[in-house]
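Me: I have a structure open at the bench and would like to understand the words used to describe it. Could we go through them one by one?

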Amino acid sequence: MALLAAQGLFNGLLYPLVDAHDYRHSWGGPTLVGAWVVHAAVAVPVAVAALGVLRGMVAVDRANEQTLSGRRRRWWPLPLSALVAVGLVLFFTAWLHQL
């Protein structure tokens, strides 16, 4: 997840260096500035959201650790972890198919 967010942020902020081509058919085209602004405007919120997701995953991991070590008895961390794992597999599969 972090790798995809970093790649999107890199592509969005450094768009002219990464993807130099005909801007007429690009998001925000027909100018380089328009295409750059639109790509950066999409990349920055997606990267921020990805950081939020990663922070949530760390919280779930800590809750799992406490549940499995017996310090706290919670019911939600293990089913949520299974749901996140299935979601990540589906997301990764969809990402691979769009390549």
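Me: Let's start with Thr31. Where is Thr31 found?

Reply: Happy to help! Thr31 sits in the loop that runs between helix 2 and helix 3.

Me: And why is Thr31 called partly exposed?

Reply: Its relative accessible area is 44%. Buried would need under 20% and exposed over 50%, so Thr31, at 44%, falls in between and counts as partly exposed.

Me: How far apart are the C-alpha atoms of Thr31 and Asn64?

Reply: They are separated by 50 Å, with the two positions 33 residues apart along the chain. For another pair, the C-alpha atoms of Ala6 and Pro30 are 26 Å apart at 24 residues along the chain. Ala6 belongs to helix 1, and its relative accessibility of 44% makes it partly exposed.

Me: Before I go further, what makes one part of the model more trusted than another?

Reply: This is a predicted model, and pLDDT is the predictor's confidence in each residue, from 0 to 100. The chain has a mean pLDDT of 81, with 91% of its residues at 70 or more. Among the elements, helix 4 (residues 77-98) has the highest mean, 88, and helix 2 (residues 15-18) the lowest, 73. As a rule, coordinates should not be read in detail where pLDDT is low.

Me: What makes Arg71 and Glu65 a salt bridge?

Reply: The cut-off is 4 Å between a side-chain nitrogen of Lys or Arg and a carboxyl oxygen of Asp or Glu. In this pair the N to O distance is 2.2 Å, so Arg71 and Glu65 qualify. A search of the whole structure finds one salt bridge. In general, side chains of opposite charge can pair when their charged atoms come close.

Me: Are these two partners buried or exposed, or something in between?

Reply: Arg71 has 55% relative accessibility, and because that is over 50% it is exposed. Glu65, at 39%, is partly exposed.

Me: How do you know that Thr67 is buried?

Reply: Its relative accessibility is 8%. The limit for buried is under 20%, so Thr67 counts as buried. Thr67 lies in helix 3 (residues 32-69), and leaving out residues up to four places away in sequence, it touches Arg72, Arg73, Arg74 and Pro77.

Me: Why is the aromatic pair of Phe92 and Trp95 called tilted?

Reply: The count comes to one aromatic pair. Phe92 and Trp95 form it, with ring centres 5.7 Å apart and 35° between the planes. Ring centres must lie within 6.5 Å, stacked planes are under 30 degrees apart and edge-to-face planes over 60, so this pair is tilted. Both residues lie in helix 4, three residues apart, about one turn of the helix. Phe92, at 44%, and Trp95, at 27%, are each partly exposed.

Me: Last one: which residues make the nonpolar surface patch?

Reply: Phe10, Leu13, Leu14, Leu17, Val18, Val44 and Val48 make a patch of about 620 Å². Helix 1 (2-13), helix 2 and helix 3 are the elements that give two or more residues to the patch.

Me: And what makes Val48 suitable as a member?

Reply: Val48, in helix 3, has a relative accessible area of 54%. Patch residues need over 30%, so Val48 passes that cut-off. Since 54% is also over 50%, Val48 is called exposed.

Terms used. Residues are numbered from 1 along each chain as its sequence is written. This is a predicted model: local features need pLDDT of at least 70, side-chain atom pairs count only at pLDDT 80 or more; totals for chains, interfaces and linings use all residues. Side-chain values use heavy atoms; hydrogens and water are left out. Buried means under 20% relative accessible area, exposed over 50%, partly exposed in between (1.4 Å probe, protein chains only). Helices (H or I, at least four residues) and strands (E, at least two) are DSSP runs, numbered from the N terminus. Contact means heavy atoms within 4.5 Å. Rings of Phe, Tyr and Trp (its six-membered ring) pair if their centres lie within 6.5 Å; planes under 30 degrees apart count as stacked, over 60 as edge-to-face and the rest as tilted. Patches are made of residues with over 30% relative accessible area and no salt bridge: like charges are joined within 9 Å, nonpolar side chains (Val, Leu, Ile, Met, Phe, Trp, Tyr) within 5 Å. Accessible areas come from the Shrake-Rupley method with a 1.4 Å probe; for residues, only the protein chains shown count as cover.
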